Amino acid sequence: DILVYFPVCDAFSSRGSKTLTHIDAIGREFDSTAFARCAGTLIKNGYSFDFISDRQISELQIKNGSVVTSGQGTYRALVIPKCKYIPIETLARIDSLAASGIRVIFFEGLPESFAGFGERDVRGQAFSTLIERLKSNDRRRNIFVTNDILRSLSTMELRRENFSAIGLEFIRKKDERGNFLYLLVNRQAETYDGLISLAVRARHVEIFDPMTGAYGRAQVRERSGKSEVYVQLAPGQSLVLRTCVDCAVKDPFIFYRAGQSRELAGNWRVTLPGRATMQTDSLVSWTNWGAAAFSGSAVYEIDFNTPSVKARRWAIDLGDVRESARVYVNERFVGTAIGPRYRLEFPDTLLEDRNHLKVVVSNLMANRIADMDRKKIFWKKFYNINFAARLPENRKDGLFNASEWSPLESGLMGPVRMVPLVPMR
């Protein structure tokens with residue numbers, strides 16, 4: 001619903017160690033600025049927005065009281081956080097948009113000056129004229145100059161999600177058919193299990209799990225004029241939701257409740273490349289087994305009987321893994337777990353009376369790199385980079401050097417559990 005102006009001229013005017021600011025992220029030059037406070041306030045309070053540049057503002061069209069971008073995105077309000085510099089052309093276009101009925105919010109004040117050094121007298125006069133025109137709120141009540149952006153937005157009846165109140169983060173977009181797409185993420189330490197209320201009306205909703213490929217129709221109910229959807233989100237998990245009038249997907253998306261789990265304890269067989277298979281009943285980092293310099297993959301295997309509990313669907317919960325794991329049950333591939341939750345689901349048809357579990361765990365390259373630097377093995381064989389270190393403690397002779405790093409924990413540390421899954425009704 002909202003476009004937020006990206007003050008690139010403020011970034012260009014900020015002094016730094018480089019000859020040209022490289023805009024590939026929201027840099028530190030925006031710390032403690034109105035721009036950062038604006039974006040943070042909108043995100044925290046459930047408003048969905050996109051950034052917009054000077055050139056994109058010049059290309060905006062007006063349709064049915066909204067602005068439309070060249071990419072056919074439709075927005076209902078334009079927010080200009082207070083900036084030091086803004087091109088005259090951009091400010092003039094904002095003024096004309098406001099004169100055409102588009103609602104414009106200047107957050108924490110109007111721009112201080114115009115960008116550039118050319119024709120300063122003429123441009124300075126034009127800037128002053130535009131600023132005075134924008135100040136005359138009595139003539140156009142769709143211009144807001146405010147420190148309280150939430151109060152201004154509330155008068156516009158824009159859609160506001162309540163996900164932050166329940167600890168979820170989100171991005172909301174709209175596709176070419178007018179369906180709304182939500183990416184929901186749970187960064188909390190606890191699972192979220194319950195209803196979420198959407199700020200848009202939705203007769204039907206599809207759910208897609210991007211990590212497993214599972215998809216289906218959501219359970220939706222109408223309450224107080226809003227659509228509520230049932231979801232489960234484990235810590236670190238994400239889900240994609242799509243609203244639709246006539247969804248192609250007919251089968252329901254099934255959430256599961258975990259039953260009583262059983263730890264797979266006993267005789268683990270562990271094989272690291274170039275070493276004999278060892279047996280252990282204690283899962284610890286392989287750096288404790290004299291492999292502190294090894295980076296690669298190790299194979300963990302154990303045999304177990306099928307639990308007496310009956311379930312149509314099971315999960316293997318690997319517990320603590322450093323850093324990724326490929327899982328096989330009776331030599332059939334179940335999936336790859338990359339964290340933060342190392343749990344994979346599979347049907348009971350993979351199980352037999354006596355079963356074989358194989359987990360192939362790969363760690364990071366850090367331990368091998370640190371070992372090579374300690375041994376002065378030349379490995380920085382790059383064509384187009386001299387490999388400068390970002391942190392001073394990782395710098396020797398002007399280059400990156402990891403020789404002082406302590407070994408990172410690696411491998412499968414568990415505990416590994418079999419979890420029966422009960423479908424939620």
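Q: Which strands form the open sheet with antiparallel pairing, and in what order?
A: Six strands form this open sheet, in the order β22-β21-β23-β29-β26-β27, with antiparallel pairing. Strands are DSSP runs of E of at least two residues, numbered from the N terminus. Two strands pair if DSSP finds at least two bridges between them.

Q: What are the edge strands there?
A: They are β22 (278-280) and β27, each of which pairs on one side only. From one strand to the next, the twist averages 20°. The axes behind that angle are lines fitted to C-alpha atoms, and angles run from 0 to 180 degrees between N-to-C directions.

Q: Before going on, what kind of model is this, and how are residues numbered?
A: This is a predicted model, in which local features need pLDDT of at least 70 and side-chain atom pairs count only at pLDDT 80 or more, while totals for chains, interfaces and linings use all residues. Residues are numbered from 1 along each chain as its sequence is written, and side-chain values use heavy atoms, with hydrogens and water left out.

Q: How many bridges do β26 and β27 share?
A: These two strands pair in the antiparallel sense over five bridges. One residue pair to look at is Y328 with its bridge partner F333 in β27.

Q: And which residue with positive phi is found in the loop between β26 and β27?
A: That is E331, whose phi is about 65° although E331 is not a glycine. The loop in question runs between β26 (324-329) and β27.

Q: Why is a positive phi worth noting?
A: Because most residues other than glycine have a negative phi.

Q: Where does N64 lie, and what is its phi?
A: N64 lies in the loop between β3 (61-63) and β4 (66-68), and its phi is near 55°. N64 is also exposed, with a relative accessible area of 75%. Here exposed means over 50% relative accessible area, buried under 20%, and partly exposed in between, using a 1.4 Å probe and protein chains only.

Q: Turning to prolines, which peptide bond before P340 is cis?
A: The bond from G339 to P340 is cis, with omega near 5°. P340 lies in the loop between β27 (332-337) and β28 (343-347). A cis bond also joins G414 and P415, with omega about 0°. The loop holding P415 is between β32 (411-414) and β33 (417-423).

Q: How many disulfides are there?
A: The count comes to one disulfide, a disulfide being a pair of cysteine sulfur atoms within 2.5 Å. It joins C244 to C247, with an S to S distance of 1.4 Å. The torsion about the S-S bond of C244 and C247 is about 60°, so the disulfide is right-handed.

Q: Are those two cysteines buried or exposed?
A: C244 is buried at a relative accessible area of 7%, and C247 is buried at 2%.

Q: Why does C38 form no bond with C83?
A: The closest cysteine sulfur to that of C38 is in C83, 12 Å away, which is too far for a bond. C38 counts as buried at 0% relative accessibility. For C83, the closest cysteine sulfur is in C9, at 8.2 Å, again too far for a bond. C83 is buried as well, at 1%.

Q: Which strands form the open sheet with parallel pairing?
A: Five strands form it, in the order β2-β1-β6-β8-β10. Its edge strands are β2 (49-52) and β10 (143-146), each pairing on one side only. Neighbouring strands of this sheet are turned by 25° against each other on average, direction ignored.

Q: How many bridges join β1 and β2?
A: Strand β1 (residues 2-5) pairs with β2 in the parallel sense over four bridges. The bridge partner of L3 in β2 is D50.
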